[in-house]
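Please look over the chain shown here before reading on. The report then takes up its fold, its core and a few of its local features.

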Amino acid sequence: MRKEASSVMARKRTGSLYWTKSGRRARLTIDVDGEAIQKSFDLETTDRAAAKAKLRRLLKQSAPELRRLQLASPSPSTRSSGLLGARR
């Protein structure tokens, strides 16, 4: 027996971390004009534990703030957006 589509909930968006030459980055799926788009954010760290904490902080940000960030900047960067604070 199959459940109806209205009773099935989508999974919570958790994002993912990946490594680049410049350090850790986060990949998040955000909604832009009703479409789900994957965006990458520079976490400005090479430490995995710090990157996980910064990813959680990004996920706590409201969706409208992330959408505003994406529409304002063609190349998303957490350094210029102030989402992660100025800690180093």
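What follows is a short report on this model, which is predicted.

## Overall architecture

The chain contains three helices and three strands, and reading along the sequence gives the order β-β-β-α-α-α. The chain has 88 residues, of which 28% count as buried.

## The nonpolar core

In soluble globular proteins, nonpolar side chains tend to be buried together. In this predicted model, the largest nonpolar core consists of eight residues, namely Leu 17, Ala 26, Leu 28, Phe 41, Leu 43, Ala 51, Leu 55 and Leu 58. At least two residues of this core are supplied by strand E2 (23–32), and at least two by helix H1 (48–60). It is H1 that gives the largest share of the core, with three residues.

## A positive patch on the surface

Arg 48, Lys 52, Arg 56 and Lys 60 come together on the surface in a patch of positive charge. One of these residues, Arg 56, lies in helix H1, the helix that also supplies three residues to the largest nonpolar core.

## The salt bridge

The count of salt bridges in the model comes to one, and the partners are Asp 31 and Arg 13, whose side chains meet at 3.3 Å, taken from N to O. This pair links distant parts of the chain, since Asp 31 belongs to strand E2 whereas Arg 13 sits in the segment before strand E1 (16–20), with their positions 18 residues apart in the numbering.

How do the two partners stand with respect to burial, given that residues under 20% relative accessible area are buried and those over 50% are exposed? Asp 31 has a relative accessibility of 34% and therefore counts as partly exposed, and Arg 13, because its relative accessible area is 41%, is partly exposed as well.

## An unusual backbone angle

Most residues other than glycine have a negative phi. Glu 44, although it is not a glycine, has a positive phi of about 55°. This residue is found in the loop between strand E3 (35–42) and H1. With a relative accessibility of 24%, Glu 44 counts as partly exposed, because the buried class is confined to values under 20% and the exposed class to values over 50%.

Technical notes: Residues are numbered from 1 along each chain as its sequence is written. This is a predicted model: local features need pLDDT of at least 70, side-chain atom pairs count only at pLDDT 80 or more; totals for chains, interfaces and linings use all residues. Side-chain values use heavy atoms; hydrogens and water are left out. A nonpolar core is a set of buried Ala, Val, Leu, Ile, Met, Phe, Trp, Tyr and Cys residues joined through side-chain atoms within 4.5 Å. Buried means under 20% relative accessible area, exposed over 50%, partly exposed in between (1.4 Å probe, protein chains only). Helices (H or I, at least four residues) and strands (E, at least two) are DSSP runs, numbered from the N terminus. Patches are made of residues with over 30% relative accessible area and no salt bridge: like charges are joined within 9 Å, nonpolar side chains (Val, Leu, Ile, Met, Phe, Trp, Tyr) within 5 Å. Accessible areas come from the Shrake-Rupley method with a 1.4 Å probe; for residues, only the protein chains shown count as cover. A salt bridge is a side-chain nitrogen of Lys or Arg within 4 Å of a carboxyl oxygen of Asp or Glu. Lys and Arg count as positive and Asp and Glu as negative; His and the chain ends are not counted. The place of a charge is taken as NZ of Lys, CZ of Arg, CG of Asp or CD of Glu.
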